[in-house]
Amino acid sequence: MQRFEINAFFLEHEQGALFCIHYIPVLTAIRGSVLYLHPFAEEMHKSRRMAALQARRFAEQGYAVLQVDLTGCGDSTGDFADATLNIWLRDAQRAYAWLAAHTTAPISLWGLRSGASLAVRLACSLPDIEQLLLWQPTGSGELFLNQFLRIKLASNMLSGAQTQSGTTDLRAQLAAGEAIEVGGYGLNPAMAQQLAELKLAEHTPPCPVFWLELGMQDAEAVSPASQRIVDGWRRAQVKVQTLTLTGEPFWLTQEITECPALIEATTL
């Protein structure tokens with residue numbers, strides 16, 4: 001017998017509706033609740049299976065999990081081309097409010113890539129988050145934006161279309177107020193600016209953090225760039241546990257990929 005139920009619903013709000021999936025333990029007492037925030041653009045779709053597998057594992061362990069598609073993503077209303085990080089933060093706040101109204105258990109936040117960075121921002125605006133679970137957080141929005149824009153440059157080269165000289169020209173278009181299309185996703189100037197301004201080191205979590213990354217070998221340390229952020233948080237008296245696991249970046253691979261080691265290592 002399955003140890004949990006899965007309920008899908010739309011969380012209505014004045015601007016539209018957010019598609020949600022709620023995993024609810026049924027054969028054990030609820031130990032806590034978890035809000036999951038997904039990554040950016042195609043990374044969301046590449047990682048759906050891993051997110052579902054982890055949510056099921058949490059539910060089997062007694063944790064209720066709420067997964068939400070942010071505005072313009074998945075089955076939620078709105079267009080990706082009109083979304084911004086600030087809109088997504090408001091979406092996350094709505095999802096958290098719904099979860100808080102439907103549980104008396106402590107709530108943790110879990111995010112992947114840009115969703116992990118969004119989870120940190122959300123935690124900083126709330127007084128009672130139990131824990132942050134961060135999978136491969138995006139530490140520098142500036143770096144992430146440039147990496148995303150390189151998808152367009154690579155696509156132009158493969159198609160033989162006229163290419164820009166680099167991400168600098170694309171950034172200039174965005175700064176001039178022009179939206180651009182990257183890999184089938186519309187990127188508007190406001191989203192680009194908010195991404196570029198995202199610096200995880202500037203946000204100090206108010207709760208314990210479990211930071212996990214994938215790399216070439218298992219280690220307790222994380223990448224040097226990530227470690228600098230972690231060290232800053234620790235100096236601010238944040239309790240941070242870090243772990244690097246061997247595995248492929250499933251949010252980027254051509255085929256849908258699983259990383260069982262990450263699920264086995266993930267705990268609350």
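**A sheet, a helix and a cavity**

Biologist: Let's start inside the sheet of this predicted model. Which residue of β4 does I21 stand opposite?

Modeller: I21 stands opposite a residue of β4, and that partner is Q67. Strands β2 (residues 16–25) and β4 pair over four bridges, in the antiparallel sense. Another contact to β4 is made by C20, whose bridge partner there is V68. For I21, the residue you asked about is Q67.

Biologist: Thanks! And in which sense does β3 run with β4, parallel or antiparallel?

Modeller: Strands of a sheet can pair either way through backbone hydrogen bonds. Here, V34 has V65 as its bridge partner in β4. Six bridges join β3 (residues 32–37) to β4, and the two strands run parallel.

Biologist: How many residues of β4 are buried?

Modeller: Let's take the two faces of the strand in turn. Y63, V65 and Q67 point one way, A64, L66 and V68 point the other way, and all are buried. That fits a strand, residues 63–68, that is mostly covered, and the count of buried residues is six of six.

Biologist: Stepping back, which strands lie at the edges of the sheet?

Modeller: Eight strands form an open sheet with mixed pairing, in the order β1-β2-β4-β3-β5-β6-β9-β10. An edge strand pairs on one side only, and that picks out β1 (4–13) and β10 (240–246).

Biologist: What angle does the direction of α2 make with that of β4?

Modeller: Neighbouring strands of the sheet are turned by 20° against each other on average, direction ignored. Helix α2 (residues 48–60) packs on this sheet, touching β1, β2, β3, β4, β5 (107–112) and β6 (129–135). Its direction and that of β4 make an angle of about 155°.

Biologist: Now for the empty space: what is the volume of the largest cavity?

Modeller: The structure holds one cavity of 30 Å³ or more. The volume of the largest cavity is about 70 Å³.

Biologist: Which element gives the largest share of its lining?

Modeller: The lining consists of H38, L70, L85, W88, S114, G115, S117, L118, R121 and L198. Two elements give two or more residues to it, namely α3 (85–101) and α4 (114–124). The largest share is five residues, and it comes from α4.

Biologist: Last one: how many residues in that lining are charged?

Modeller: By class, the lining of the largest cavity has five nonpolar and four polar residues. R121 is among the lining residues, and arginine counts as charged. The number of charged residues in the lining is one.

Terms used: Residues are numbered from 1 along each chain as its sequence is written. This is a predicted model: local features need pLDDT of at least 70, side-chain atom pairs count only at pLDDT 80 or more; totals for chains, interfaces and linings use all residues. Side-chain values use heavy atoms; hydrogens and water are left out. On a 1 Å grid over the protein atoms alone, a cavity is a set of points where a 1.4 Å probe fits but cannot get out, and a pocket is an open set with protein on both sides within 12 Å along at least five of seven lines; lining residues have an atom within 4 Å of a point. Grid points are joined across faces, edges and corners, and a volume is the space filled by probe spheres set on the points. Buried means under 20% relative accessible area, exposed over 50%, partly exposed in between (1.4 Å probe, protein chains only). Two strands pair if DSSP finds at least two bridges between them. Axes are lines fitted to C-alpha atoms, for helices over the stretch in contact, and angles run from 0 to 180 degrees between N-to-C directions. Contact means heavy atoms within 4.5 Å.
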